[in-house]
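Reader: I am new to this structure and should like to learn how its features are read. May we go through them one at a time?

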Amino acid sequence: MDSRTDAAFAEFVRGRWSTLVRLGYGLTGDQRLAENLVRAALAKAYASWPRVIRAGGPDVYVRRIILNASHGRFLRRRARTPETCGQDDRSALMTALLRLPAGQRSVVLLRYWMDMTEAEVAEALGCSVGSVKSQASRALAKLRVSEDLLGEILL
Amino acid sequence: MSIVDERELSERLDGVLDAITPSPAPVDAALRDGKLIRARRSITTTAGLAVAAGFVVAMPALLHQPARPGATPVRPTVTVRQLCLSTRHGVQGPPRQPELVAGPAGGPAAELVAGRAGGLPAAELAAGRCAWLMP
């Protein structure tokens, strides 16, 4: 690829790195794992850069890779293992978030942290808007219960 | 400590995730990894095309193998004589003339006899004035 493509990619990486790592952290509960995940997703995006640009931009592509990878068995298991959470991750919200199924966790992060609309979340996850609504509703209910329990334990 | 509404959840997620300090963006590493992926894809594609091309080239040769040496047909011994009549049907013809062509071919013997009109049965004459006589 030419230097112009490399420059565009470099600019994209610098501009999105922090946000994508935070999304990865929300999905996995592990910063190192999140950084590796995002780096791998960015490398894949670079390898298919012309196609990625044609398909609607690297944001959608990279986010989808990260979400799909976080739904994988390995990451799902890692995210659910309490030992992987460091001292900083001890917040009740983060612990409760990591206890959610991967799909619900993705919906919560995209909808309530990235402020995406339900339609955008549905597109990002490749599901229907109705599914997004039901997953969000279930996730919120679980978060309420989890946080109540954790709050009692931590206090 | 319950989540009252979606707004509160959003604010609390901001608080948790914004507290993360990512390491510097690995631009060069991502570029290098991306180029490696592209190179690997190119190699895989080239290898796949080479295998397909080799298969296409080798396919006719595999499908049309030459005949095996032992499968040659057994040739009978053939002798061609001039102006002789057969001994078929119990009729003795005139004495045989010198052979025109004769020779064994490694198989059971046979004899090709040619004769003039009137010396052979009509059916044999109609078939070209000759007849095969198997021993």
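Reader: Where in chain B is confidence lowest, and where is it highest?

Author: This is a predicted model, and pLDDT is the predictor's confidence in each residue, from 0 to 100. In chain B, the lowest confidence falls in strand β5 (residues 130-133), with a mean of 47. The highest is in helix α2 (residues 27-63) of chain B, at 89. Over residues 129-135 of chain B, pLDDT stays under 50, and for this stretch the model has 19 contacts beyond four places in sequence.

Reader: What does chain B average in pLDDT, and what does the model score in ipTM and pTM?

Author: Chain B averages a pLDDT of 70, with 45% of the residues scoring at least 70. The model scores ipTM 0.79 and pTM 0.65.

Reader: Which elements make up the secondary structure of each chain?

Author: Chain B comes to three helices and five strands, which run α-α-β-β-β-β-α-β from the N terminus on. Chain A comes to nine helices and zero strands.

Reader: How many of the residues of each chain count as buried?

Author: A residue is buried if 20 or more other C-beta atoms lie within 10 Å of its own. By this count, 43% of the 155 residues of chain A are buried. For chain B, the figure is 10% of 135 residues.

Reader: What share of the contacts in each chain join residues at least 24 apart?

Author: Contacts between residues at least 6 apart in sequence are considered here. Of these, 59% in chain A join residues at least 24 apart, and in chain B 55% do.

Reader: Which residues have the most contacts inside the largest nonpolar core?

Author: The largest nonpolar core has 51 residues, and those with the most contacts inside it are Val38(A), Leu42(A), Ala45(A), Ile66(A) and Val108(A). Domain 1 (1-86) and domain 2 (91-155) of chain A each give this core at least three residues. Leu42(A) touches Val13(A), Val62(A) and Ala30(B), leaving aside residues up to four places away in sequence.

Reader: Which residues of α2(A) are buried, and what distance does this helix reach?

Author: Among the buried residues of α2(A) are Leu33(A), Val38(A), Arg39(A), Leu42(A), Ala45(A) and Tyr46(A). With 17 residues, α2(A) reaches 24 Å from its first C-alpha to its last, close to the 24 Å expected at 1.5 Å a residue.

Reader: How many residues does each chain bring to the contact between chains A and B?

Author: Chain A gives 32 residues and chain B gives 26 residues. On the chain A side, α1 (3-28), α2 (31-47), α6 (92-98), α7 (102-113) and α9 (129-154) each supply at least two residues. The largest share of that side comes from α1(A), with eleven residues. By class, the side of chain A that touches chain B has 17 nonpolar, five polar and ten charged residues.

Reader: Where does Gly103(A) lie, and why does it count as partly exposed?

Author: Gly103(A) is in helix α7 of chain A. It counts as partly exposed because it has 18 C-beta neighbours inside 10 Å. The C-alpha atoms of Gly103(A) and Gln135(A) are separated by 7.6 Å, although these residues are 32 residues apart along the chain.

Reader: Where is Asp115(A) found, and is it buried or exposed?

Author: Asp115(A) is found in the loop between α7 and α8 (118-125) of chain A. It counts as exposed because it has 10 C-beta neighbours inside 10 Å. Asp115(A) also has a positive phi of about 55 degrees, although it is not a glycine.

Notes. Residues are numbered from 1 along each chain as its sequence is written. Chains are lettered from A and ligands numbered from 1 in the order in which they are written. This is a predicted model: local features need pLDDT of at least 70, side-chain atom pairs count only at pLDDT 80 or more; totals for chains, interfaces and linings use all residues. Two residues are in contact if their C-beta atoms, placed from the backbone, lie within 7 Å. Helices (H or I, at least four residues) and strands (E, at least two) are DSSP runs, numbered from the N terminus. Ala, Val, Leu, Ile, Met, Phe, Trp, Tyr, Cys and Pro count as nonpolar, Asp, Glu, Lys and Arg as charged, and the others, Gly among them, as polar. A residue is buried if 20 or more other C-beta atoms lie within 10 Å of its own, exposed if 12 or fewer, and partly exposed in between; C-beta atoms are placed from the backbone. A nonpolar core is a set of buried Ala, Val, Leu, Ile, Met, Phe, Trp, Tyr and Cys residues joined through C-beta atoms within 7 Å. Domain bounds come from an automatic or database domain assignment. The expected span of a helix is 1.5 Å times one less than its number of residues.
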